[in-house]
Amino acid sequence: MAFGDESFLDLIAAWDGAGVVVHFDQPTGSWIFIAIHDATLGPATGGTRMKVYSRPEEGLRDALRLASGMTAKWASVDLPFGGGKAVLATPGPLEGRERQGLLRRYGALLNTLDGAFGTGEDFGTTPDDMLEIASVSGHVVQVHGSAGGPSDPGPFTALGVFAGMRAALEQVHGQSSLDGRTVLIQGVGDVGAPLARLVSNAGGSVLLCDIDSDLAFALSVEFGGSVVKPENVYRTPCDVFAPCALGAILNGSTIPLLQCRVVAGSANNQLETDQDAERLHERGILYAPDYVINSGGALAFGLIQLGAHDVEVLETRVKGIGGMLAEIFADALVHDVSPVHSARRRVERVLAKGRG
Ligand code: NAD
């Protein structure tokens with residue numbers, strides 16, 4: 001069977017998660033998938049993604065993969081939440097009453113789970129969508145910006161990536177300074193733009209790449225950097241390559257092209273296959289595991305959910321991602337393995353403690 005041809009049953013049978021809710025929303029022709037991967041550390045908590053897929057099975061695949069990633073992310077930051085994710089796979093973009101109807105029916109579906117899954121924003125959903133769901137369900141865990149708190153996880157995620165990048169530079173060059181280093185950022189959106197600012201303020205040079213070339217150009221002017229065309233992004237020399245746009249961009253075709261010592265970025269599921277971690281390791285490129293280095297937004301909003309509101313406290317905790325990665329890199333060096341293995345062992349330890 002070719003990759004991408006699996007049926008719902010194939011995908012669910014191959015998954016190691018706790019359970020999946022599959023629901024068809026007849027009024028809009030949308031599929032709703034709520035994937036609960038592991039509730040060892042606490043109630044499954046993850047974003048709700050709304051997206052148009054070529055096949056609904058692709059939406060289910062996304063939900064399953066992302067829910068597993070959330071288990072690893074919560075365990076990495078050791079917060080009492082479990083791995084889960086929801087996907088609303090719509091047949092086309094939904095607006096107005098149709099969108100409102102789907103979100104409210106989704107909220108009613110969440111209520112039937114009685115707290116087993118709590119959700120927030122993700123790709124394709126907005127703060128207004130969360131308010132819509134929250135109008136019928138108590139299982140929206142954090143409406144960003146409520147009670148005057150921070151409204152956007154992107155800057156926290158960027159801060160965590162920046163801290164992780166410094167830890168990687170320390171491991172590779174013996175000093176964490178960005179001074180004289182060049183960082184190539186693929187995707188300058190909610191995370192990539194604040195990351196560019198952090199790098200530039202720290203004395204680093206930025207190379208910016210985005211399919212929105214106007215955006216890349218405007219930011220390059222602001223930060224004194226240069227623009228790299230998307231077709232050249234993997235072969236452009238740099239010290240750090242920071243993927244902050246798409247998943248699966250590290251693979252058998254792109255890894256041989258890379259001309260960097262470090263890959264440290266925010267994108268989810270950067271490795272196309274497990275083998276790609278070995279490819280990077282063999283090439284001597286230090287890879288910061290995505291679910292650790294991009295956990296800043298989840299960490300900050302998880303802490304808010306648990307009652308922490310002081311932005312300085314949140315930022316200090318997010319900067320701690322650098323320390324976590326330093327430990328992961330050091331362990332990987334000792335065992336001569338990819339940091340992916342060390343990060344995985346760390347997740348297993350936290351989950352085992354939770355089970356115990
Ligand atoms: P975003 O949509 O705000 O920005 C993504 C940017 O990437 C856009 O400017 C887009 O034009 C650009 N882009 C898309 N395809 C591209 C390509 N082929 N080449 C170059 N640029 C391309 O998204 P974001 O919130 O900044 O998130 C970026 C990545 O980080 C995503 O993979 C997301 O899942 C992940 N992530 C984000 C957060 C967060 O807090 N926002 C947290 C964890 C992980």
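In which helix does S220 lie? Select S220 in this predicted model: the residue is part of helix α7, a run that covers residues 213-223.

**Helix α7**

Stay on S220 and display its side chain. A polar atom of that side chain is 2.7 Å from the backbone oxygen of F217. S220 has a relative accessible area of 5%, so it counts as buried, the limit for that class being under 20%.

Now move to V221, which is also found in helix α7. Is V221 buried or exposed? Its relative accessibility is 54%, and therefore V221 counts as exposed, since the exposed class begins over 50%. Add F217 and V227 to the selection and switch on the surface. Together with V221, these residues make a nonpolar surface patch of about 290 Å². F217 thus has two entries on this tour: its backbone oxygen lies 2.7 Å from the side chain of S220, and the residue is a member of the patch.

**The loop after β8**

Next, select V228. Strand β8 spans 226-227 and strand β9 spans 240-243, and V228 sits in the loop between them. V228 is buried, because its relative accessible area is 7%. Which residue, 21 residues apart from V228 along the chain, has its C-alpha atom 6.3 Å from that of V228? Select L207 to see the pair: a distance of 6.3 Å separates the two C-alpha atoms.

**The ligand**

Centre the view on the ligand and show the residues around it. There are 20 of them, and those that come nearest are T157, D190, V191, D210 and S266. How does the shell divide into nonpolar, polar and charged residues? Nine are nonpolar, eight are polar and three are charged.

Three distances are worth drawing here.

- From D190, a polar backbone atom lies 2.9 Å from an oxygen atom of the ligand.
- From N268, an N or O atom of the side chain lies 3.0 Å from an oxygen atom of the ligand.
- From I211, a polar backbone atom lies 3.4 Å from a nitrogen atom of the ligand.

On its own, the ligand has 830 Å² of accessible area, and the protein covers 74% of this.

**Two positive phi angles**

Go to A248, in the loop between β9 and β10, the latter being 262-263. What is the phi value of A248? The angle is near 60°, positive in a residue that is not glycine. The relative accessibility of A248 is 30%, so the residue counts as partly exposed.

Then select D336. The loop that holds D336 runs between α12 (321-335) and α13. D336, not a glycine either, has a positive phi of about 50°. With 55% relative accessibility, D336 counts as exposed, the cut-off being over 50%.

**Helix α13**

The last stop is S342, in helix α13, which takes in residues 339-355. S342 is buried because its relative accessible area is 4%. Which residue does the side chain of S342 join in a polar contact of 2.7 Å? Show the side chain of D331 as well: the contact is between the side chains of S342 and D331. To finish, put S342 and D336 in one view with the surface on. S342 is buried at 4%, whereas D336 is exposed at 55%.

Terms used:
Residues are numbered from 1 along each chain as its sequence is written. This is a predicted model: local features need pLDDT of at least 70, side-chain atom pairs count only at pLDDT 80 or more; totals for chains, interfaces and linings use all residues. Side-chain values use heavy atoms; hydrogens and water are left out. Patches are made of residues with over 30% relative accessible area and no salt bridge: like charges are joined within 9 Å, nonpolar side chains (Val, Leu, Ile, Met, Phe, Trp, Tyr) within 5 Å. Accessible areas come from the Shrake-Rupley method with a 1.4 Å probe; for residues, only the protein chains shown count as cover. A salt bridge is a side-chain nitrogen of Lys or Arg within 4 Å of a carboxyl oxygen of Asp or Glu. Helices (H or I, at least four residues) and strands (E, at least two) are DSSP runs, numbered from the N terminus. Buried means under 20% relative accessible area, exposed over 50%, partly exposed in between (1.4 Å probe, protein chains only). A residue is near a molecule or strand if one of its heavy atoms lies within 4 Å of it. A polar contact is a pair of N or O atoms within 3.5 Å; within protein, one must be able to donate a hydrogen and the other to accept it, and residues adjacent in sequence count only if both atoms are side-chain atoms. Ala, Val, Leu, Ile, Met, Phe, Trp, Tyr, Cys and Pro count as nonpolar, Asp, Glu, Lys and Arg as charged, and the others, Gly among them, as polar.
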